[in-house]
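Dear colleague,

I am passing on the structure we spoke about, and I would be glad if you could look through it alongside the notes below.

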Amino acid sequence: MDNPLYLFDLEYKNVIGVDEAGRGPLAGPVVAAAVFLKDYSEELDEINDSKKLTEKKREKLFEIIQKHFYVAVGISNVDEIDKINILNADFLAMRKAIEELKKQINKSNDYTVLVDGNLKIKEYQDKQNPIVKGDSKSLSIAAASIIAKVTRDRIMIELGSIYPDYKFEKHKGYGTKAHIEAIKKFGVIKDVHRKTFLTKIL
């Protein structure tokens with residue numbers, strides 16, 4: 001029981017961990033995840049910031065997290081990102097995820113949301129603490145970061161099979177050289193590309 005990420009969460013009461021994936025890409029949705037620990041297991045000791053893990057490891061941990069946590073996902077689509085800007089769309093996805101999670105867990109409890117980063121979730125009224133580098137400090141935030149990342153990657157892989165010219169499965173929508181060249185050659189895909197992110201390219 002000497003997992004520092006787990007011990008970090010124990011300092012708070014009824015922790016909901018929240019993180020997102022996909023703030024920076026030129027295409028695809030932004031995905032947030034909210035998680036609440038059901039039972040601690042040593043299987044969870046491999047959990048770390050999703051950016052430090054290989055894709056294979058994230059996929060394995062994705063299954064383990066589902067077993068030991070209540071899990072919910074919130075998604076803001078490209079239309080929402082373009083309409084209200086990426087930061088607000090991010091907060092919207094987080095609120096959707098928390099709302100969804102609270103349907104699964106005991107309503108009467110007093111929860112503390114720990115969110116990765118230095119910003120509080122806008123328009124979320126209950127108790128919350130932003131934790132800078134939270135995905136390497138808190139078990140719940142790290143678990144949420146893996147759920148969000150794997151969920152979003154799967155969406156982008158699916159888009160890659162629908163639009164093979166753009167190779168979404170490789171770059172996951174980020175602004176790589178190959179992706180920018182594909183946009184210039186084949187154009188912008190409605191409902192997939194974030195128009196507000198492309199002003200400098202087009």
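What follows are notes on the sheet, the core and two individual residues.

This is a predicted model, in which local features need pLDDT of at least 70 and side-chain atom pairs count only at pLDDT 80 or more, while totals for chains, interfaces and linings use all residues. Residues are numbered from 1 along each chain as its sequence is written, and side-chain values use heavy atoms, with hydrogens and water left out.

To begin with the sheet, five strands form an open sheet in the order β3-β2-β1-β4-β5, with mixed pairing; strands here are DSSP runs of E of at least two residues, and helices are runs of H or I of at least four, both numbered from the N terminus, and two strands pair if DSSP finds at least two bridges between them. Because β3 and β5 (128–131) stand at the edges with a single partner strand each, one side of each has no neighbour in the sheet. The strands β2 and β3 run antiparallel and are joined by eight bridges, and L37 stands opposite F69 in β3.

Turning to the core, the largest nonpolar core (buried Ala, Val, Leu, Ile, Met, Phe, Trp, Tyr and Cys residues joined through side-chain atoms within 4.5 Å) has 25 residues, of which L44, I47, I65, F69 and L139 touch the most other members. Helix α1, β2 (30–37), α2 (55–68), β3 (69–76) and α5 (139–162) each supply at least two residues of this core, and the largest share, eight residues, comes from α5. A second, separate core of 22 residues includes A72, I81, I98 and L101.

I47 is found in the loop between β2 and α2 and is buried, with a relative accessible area of 4%, where buried means under 20%, exposed over 50% and partly exposed in between (1.4 Å probe, protein chains only). Leaving out residues up to four places away in sequence, I47 touches L5, L61, I65, L139, A142, A143 and I146, contact being heavy atoms within 4.5 Å.

Finally, D9 lies in helix α1 (residues 4–10) and is buried yet has no salt bridge, the nearest side chain of opposite charge being K137, 11 Å away. For charge, Lys and Arg count as positive and Asp and Glu as negative, with His and the chain ends not counted, and a salt bridge needs a side-chain nitrogen of Lys or Arg within 4 Å of a carboxyl oxygen of Asp or Glu. Not counting residues up to four places away in sequence, D9 touches V15, L114, S138, L139 and S140.

With best wishes
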